[in-house]
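Hello,

Here is the structure I promised to pass on to you. Have a look at it first, and then read on for what turned up in it.

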Amino acid sequence: MNVFQHSRKVLATIALVFVVLFTTACSAATAKAPPTNVSAPITRSYSQLERGNSGVGQDFGNWVVTTSKGLIKDAYVRDNNKLGVVISPQVRPTEVKDLTRSLTQGFHKNFPNQDLTVLVYAPDKQLILTAQYDQQSNKIQYQSAS
């Protein structure tokens with residue numbers, strides 16, 4: 001009977017240790033979590049925008065900026081079918097369409113089998129050119145912003 005009581009005390013002690021550890025861990029995690037306020041608007045400055053609203057989009061946006069050698073100041077991908085880029089002042093007006101074509105082709109290779117949109121913004125962030133890639137016809141239509 002002494003062995004039975006000893007085993008019961010050991011099991012009770014182990015259970016108590018787990019309860020204390022679990023309760024402490026949960027309360028510590030809850031205490032450290034920032035309070036959420038659903039009604040508070042989220043404000044971000046332009047420099048804090050993400051380059052994509054998916055992991056693949058984020059990676060492609062980062063790749064566009066880093067491989068552009070200074071021609072593109074910023075890029076973002078939304079819904080894996082819309083690419084927006086802000087060009088640098090180094091890009092001449094006569095080069096915008098060629099740059100847009102190259103971006104559209106690269107975007108299509110990374111996000112195939114769908115219609116795509118590429119939005120090109122001037123350094124002052126004013127829209128200057130939109131390219132629409134049609135998957136079915138495999139053609140790009142350009143529309144200048146007026």
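Helix 2, residues 55–67, lies across strand 1 and strand 2 (82–87), and its direction makes about 165° with that of strand 1. Helix 3 (residues 96–110) packs on the sheet as well, where it touches strand 1, strand 2, strand 3 (116–121), strand 4 and strand 5. The angle between helix 3 and strand 3 is about 145°. Please keep in mind as you look that this is a predicted model.

Now for the sheet itself. It is open and has 5 strands in the order 1-2-3-4-5, with mixed pairing. Strand 1 (72–78) and strand 5 (139–144) are the edge strands, each pairing on one side only. On average, neighbouring strands are turned by 15° against each other, direction ignored. If you zoom in on strand 4 (residues 127–134), you will see that it runs antiparallel to strand 5 and is joined to it by 6 bridges. One residue to click on there is Y133, whose bridge partner in strand 5 is I140.

Next, the charged pairs. As a general point, side chains of opposite charge can pair when their charged atoms come close. How many salt bridges does a search of the whole structure find? There are 3.

The one I would open with joins R51 and D74, with the closest N and O atoms 2.9 Å apart. R51 sits in the loop between helix 1 (2–32) and helix 2, while D74 is in strand 1, so this pair ties together parts that are 23 residues apart in sequence. Is D74 buried or exposed? D74 counts as buried, because its relative accessibility is 16% and the cut-off for buried is under 20%.

Another salt bridge is found within helix 3, between the side chains of R101 and D98, at 2.9 Å from N to O. These two residues are 3 apart, about one turn of the helix. Both ends are partly exposed: R101 has a relative accessibility of 32%, and D98 has a relative accessible area of 44%.

Then there is the pair R92 and E95, whose side chains meet in a salt bridge at 3.4 Å, N to O. Here R92 is exposed, with a relative accessible area of 54%, whereas E95 is partly exposed at 30%.

Happy browsing, and do write back with any thoughts.

Best wishes

Key: Residues numbered from 1 in each chain as written. Predicted model: local features only at pLDDT ≥ 70, side-chain atom pairs only at ≥ 80, totals over all residues. Heavy atoms only, no water. Pairing = 2+ DSSP bridges. Helix = DSSP H or I, 4+ residues; strand = E, 2+ residues; numbered from the N terminus. Axes fitted to C-alpha atoms, helices over the stretch in contact; angles between N-to-C directions. Contact = heavy atoms within 4.5 Å. Buried < 20%, exposed > 50% of the residue type's maximum accessible area, 1.4 Å probe, protein only. Salt bridge = Lys/Arg side-chain N within 4 Å of Asp/Glu carboxyl O.
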